[in-house]
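I wanted to go through the helix packing in this model and keep a record of what I looked up. My notes follow the order in which I checked things.

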Amino acid sequence: MASKKNKASKMRGACYTPSQLAFIAQVEADLAIQLQSKPKRLAHSMSVASTAESLALMYGVDPFLARVAGLLHDWDKVLSDEELIARAEALELDFGGDDYKDVKPLLHGCVAARELPERYPDLPDEVWHAISVHTTGGYRMGPLDKVLFVADGIEPLRPASKGIEETRALVGRASLDDLFWNSFVGGIIYVLKGGRHLYEGTIRFYNALAAERS
Ligand SMILES: [Fe+2]
């Protein structure tokens, strides 16, 4: 008979150990403090975590890591543009020569991925990698990276658009690679339609992935 300590617990379809449940509860409590001035961002982060966990269960990815990555992915969204740029400069983040001012909306993921490991040293590098590429896409994206990217794009609190509805309709029907591709291209179209700056790294990654898929 399993001891109480080793007995796994159920949560929303995922099977977690008591220590994993305690860790999730701690991260949720930390996040509530971190994002207390941004209730919509907090709700979005909780929703991304649930969506990422569901996608992970569906596509054979670790649901615990997906849930935690979802919780933490927008941790630094509370920072001002000036603070994000200052931290990006201090960390010497590599945005391929693009001016940090031009990629302001993309900085929060990379900054958090560099700073949060000190706070949560037991989490593996794949969590930080998923957070670092969740705004840009990137080369050599693994399953957890793709799960977080898609979850951020389709979580149910995000207002529906044609592209988002298209991706939502593919969940469970398309492979994770195809689901990610649809979400990634949809994100690029959204940026183009809005007349906003498209990060050159994302263009290079799009071209590499398009060549890989042809
Ligand atoms: Fe997000």
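**Entry 1: H5 against H6**

I began with the contact in which Gly 109, Cys 110, Ala 112, Ala 113, Leu 116 and Pro 117 of H5 meet Trp 128, Ile 131 and Ser 132 of H6. Sorting these residues by class, I found 7 nonpolar, 2 polar and no charged residues in the contact of H5 with H6. I keep in mind throughout that this is a predicted model.

For the geometry, I looked up helix H5, which covers residues 104–119, and helix H6, which covers residues 125–132, and found that they pack at an angle of about 160° with their axes 7 Å apart. Since angles over 145 degrees count as roughly antiparallel, H5 is therefore roughly antiparallel to H6. I also noted that H5 and H6 cross in a right-handed sense.

**Entry 2: H8 against H9**

Next I turned to helix H8 (residues 162–170) and helix H9 (residues 176–193), whose axes come within 9 Å and cross at roughly 175°. H8 and H9 are therefore roughly antiparallel to each other as well. On the H8 side I listed Gly 163, Ile 164, Glu 166, Thr 167 and Leu 170, and on the H9 side Asp 178, Leu 179, Asn 182, Ser 183, Gly 186, Ile 189 and Tyr 190. By class, the contact of H8 with H9 divides into 5 nonpolar, 5 polar and 2 charged residues.

**Entry 3: H7**

How many of the residues of H7 are buried? I counted 12 of its 12 residues as buried, so that this helix is mostly covered. Among the buried residues of H7 are Asp 145, Lys 146 and Asp 152, together with Leu 148, Phe 149 and Val 150. I then asked what they pack against, and found helix H2 (39–59), helix H3 (63–72), H6, H8 and H9. As for its length, helix H7 (residues 143–154) reaches 16 Å from its first C-alpha to its last, close to the 16 Å expected at 1.5 Å a residue.

**Entry 4: Leu 31**

Finally I looked up Leu 31, which has its place in helix H1 (residues 18–34). Is Leu 31 buried or partly exposed? It has 19 other C-beta atoms within 10 Å, and because a residue needs 20 or more to count as buried, Leu 31 is partly exposed. Leaving aside neighbours within four places in sequence, I found Leu 31 in contact with Leu 42, Ser 45 and Leu 71. I also checked Leu 31 against Leu 55, and these two are 24 residues apart in sequence and 22 Å apart in space, C-alpha to C-alpha.

How values were computed. Residues are numbered from 1 along each chain as its sequence is written. This is a predicted model: local features need pLDDT of at least 70, side-chain atom pairs count only at pLDDT 80 or more; totals for chains, interfaces and linings use all residues. Axes are lines fitted to C-alpha atoms, for helices over the stretch in contact, and angles run from 0 to 180 degrees between N-to-C directions. Helices (H or I, at least four residues) and strands (E, at least two) are DSSP runs, numbered from the N terminus. Angles under 35 degrees count as roughly parallel, over 145 as roughly antiparallel, 65 to 115 as roughly perpendicular and the rest as oblique. A crossing is left-handed if the near helix is turned anticlockwise from the far one by less than a right angle, and right-handed if clockwise. Two residues are in contact if their C-beta atoms, placed from the backbone, lie within 7 Å. Ala, Val, Leu, Ile, Met, Phe, Trp, Tyr, Cys and Pro count as nonpolar, Asp, Glu, Lys and Arg as charged, and the others, Gly among them, as polar. The expected span of a helix is 1.5 Å times one less than its number of residues.
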